[in-house]
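Please look over the sequence and the model below before reading on. The explanation is meant to be followed with the structure in view.

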Amino acid sequence: MHPNRRDLGLLVLRVGTGAVLAAHGTQKLLGWFGGGGIEGTTHAMEAMGFHPARQSAVAAGLGEAGGGALLALGLATPAAGAAAAGAMAGAVSVHAPAGFFAQGGGYEYPAFLGFTAAAIGITGAGRYSLDHATGHVLDRPWVVVTAFLGTALAAAAVVGRRAQARAAAADATEDDLAPEGDGTGEPDAQ
């Protein structure tokens, strides 16, 4: 059997993308590679407006570490790609106010990781994978649809809830900064 370039390319892409995602996830979960661990990530999630913060930290860490590890192995590839893409959707929502490019703090990097993970999840792991070795038991068309639909709904709910919380906090801050008065914006005459 001659090596198939497409399958070799998928192997390289899967392992590289999965390793990057897994490293980021272990920073969040375990504090590896200079990360904050679950406590530091919980505090960061709180500051970014994700509630409940601890569950958000665990979900982000598992989506990245678990999704990344499974992508690298080529096991349950649709679920792995969907989980990683969902975690990256949350990261994109955090970085979006800074614009697109990463050099300015934008969402370029998490968007790239998310799109790559999603593409691998949809395409499949290729011949050089555990999915192939197990007869694609966890890589069926219904798994692709279910994983991506479930992740899209969950990501939309989490990102939407964060946006509502941040808008409410901004409104409360505006109210705190507004001058006291009779509602006309003018201070009370004394």
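The paragraphs below go from the overall form to one helix, and then to individual side chains.

The model is a predicted one. The protein contains 7 helices and 0 strands, and from the N terminus on its elements run α-α-α-α-α-α-α. To picture the overall form, consider the box that the C-alpha atoms fill along the principal axes, which is roughly 90 × 35 × 30 Å. The radius of gyration gives a second view of the form: the protein has 21 Å, whereas a compact globule of 190 residues would have a value near 16 Å.

The surface and the interior can be described in a similar way. Of the 190 residues in the protein, 34% are buried. The protein exposes about 10,800 Å², and carbon and sulfur atoms supply 66% of that area. How does the chain come back to itself? Among contacts between residues at least 6 apart in sequence, 65% join residues at least 24 apart.

Helix α5 offers a place to study one element in detail. This helix covers residues 108-123, which is 16 residues. From its first C-alpha to its last, α5 reaches 22 Å, close to the 22 Å expected at 1.5 Å a residue. Which residues of α5 are buried? They are Pro110, Ala111, Leu113, Gly114, Thr116, Ala117, Ala118, Ile120 and Gly121. A general point about helices is useful when reading this list. An α-helix has 3.6 residues a turn, so residues three or four places apart point the same way. The buried residues of α5 pack against four helices, namely α1 (5-30), α3 (53-73), α4 (77-95) and α7 (141-177). Just after α5, Gly124 takes a positive phi of about 105°.

Charged side chains come next. How many salt bridges does the model hold? The count comes to 3. One of them joins Asp7 and Arg127, whose closest N and O atoms are 3.2 Å apart. This pair links distant parts of the chain, since Asp7 lies in helix α1 and Arg127 in the loop between α5 and α6 (130-133), 120 residues apart. Are these two residues buried or exposed? Asp7 has a relative accessible area of 10% and is therefore buried, while Arg127, at 24%, is partly exposed.

A further salt bridge is formed by the side chains of Glu64 and Lys28, with a distance of 3.1 Å from N to O. It too connects distant parts of the chain: Glu64 belongs to helix α3 and Lys28 to helix α1, 36 residues apart. Both Glu64 and Lys28 are buried.

In the remaining salt bridge, the side chains of Arg54 and Glu39 meet at 2.7 Å, N to O. Arg54 is in helix α3 and Glu39 in helix α2 (residues 37-48), 15 residues apart, and this pair likewise links distant parts of the chain. Arg54 counts as partly exposed because its relative accessibility is 40%. Glu39 also counts as partly exposed, at 44% relative accessibility.

Helix α2 also holds Thr42. Why does Thr42 count as buried? Its relative accessibility is 12%, and the reason is that residues under 20% are classed as buried. Leaving aside residues up to four places away in sequence, Thr42 touches Ala53, Arg54 and Ala57. Arg54 thus appears twice in this account, as a contact of Thr42 and as the salt-bridge partner of Glu39.

The aromatic rings complete the picture. The structure holds 3 aromatic pairs. In one of them, the rings of Trp32 and Phe33 have their centres 6.3 Å apart and their planes at 85°, so the pair is edge-to-face. Trp32 is partly exposed, with a relative accessible area of 47%, whereas Phe33 is exposed, with 60%. Another pair is made by Phe100 and Tyr107, with ring centres 5.3 Å apart and planes at 85°, so this pair is edge-to-face as well. Phe100 counts as partly exposed at 39% relative accessibility, and Tyr107 is partly exposed with a relative accessible area of 27%. Ring pairs link Phe100, Phe101 and Tyr107 into a cluster.

Key:
Residues are numbered from 1 along each chain as its sequence is written. This is a predicted model: local features need pLDDT of at least 70, side-chain atom pairs count only at pLDDT 80 or more; totals for chains, interfaces and linings use all residues. Side-chain values use heavy atoms; hydrogens and water are left out. Helices (H or I, at least four residues) and strands (E, at least two) are DSSP runs, numbered from the N terminus. The expected span of a helix is 1.5 Å times one less than its number of residues. Buried means under 20% relative accessible area, exposed over 50%, partly exposed in between (1.4 Å probe, protein chains only). Contact means heavy atoms within 4.5 Å. A salt bridge is a side-chain nitrogen of Lys or Arg within 4 Å of a carboxyl oxygen of Asp or Glu. Rings of Phe, Tyr and Trp (its six-membered ring) pair if their centres lie within 6.5 Å; planes under 30 degrees apart count as stacked, over 60 as edge-to-face and the rest as tilted. The radius of gyration is taken over C-alpha atoms; the globule rule is 2.2 Å times the number of residues to the power 0.38. Accessible areas come from the Shrake-Rupley method with a 1.4 Å probe; for residues, only the protein chains shown count as cover.
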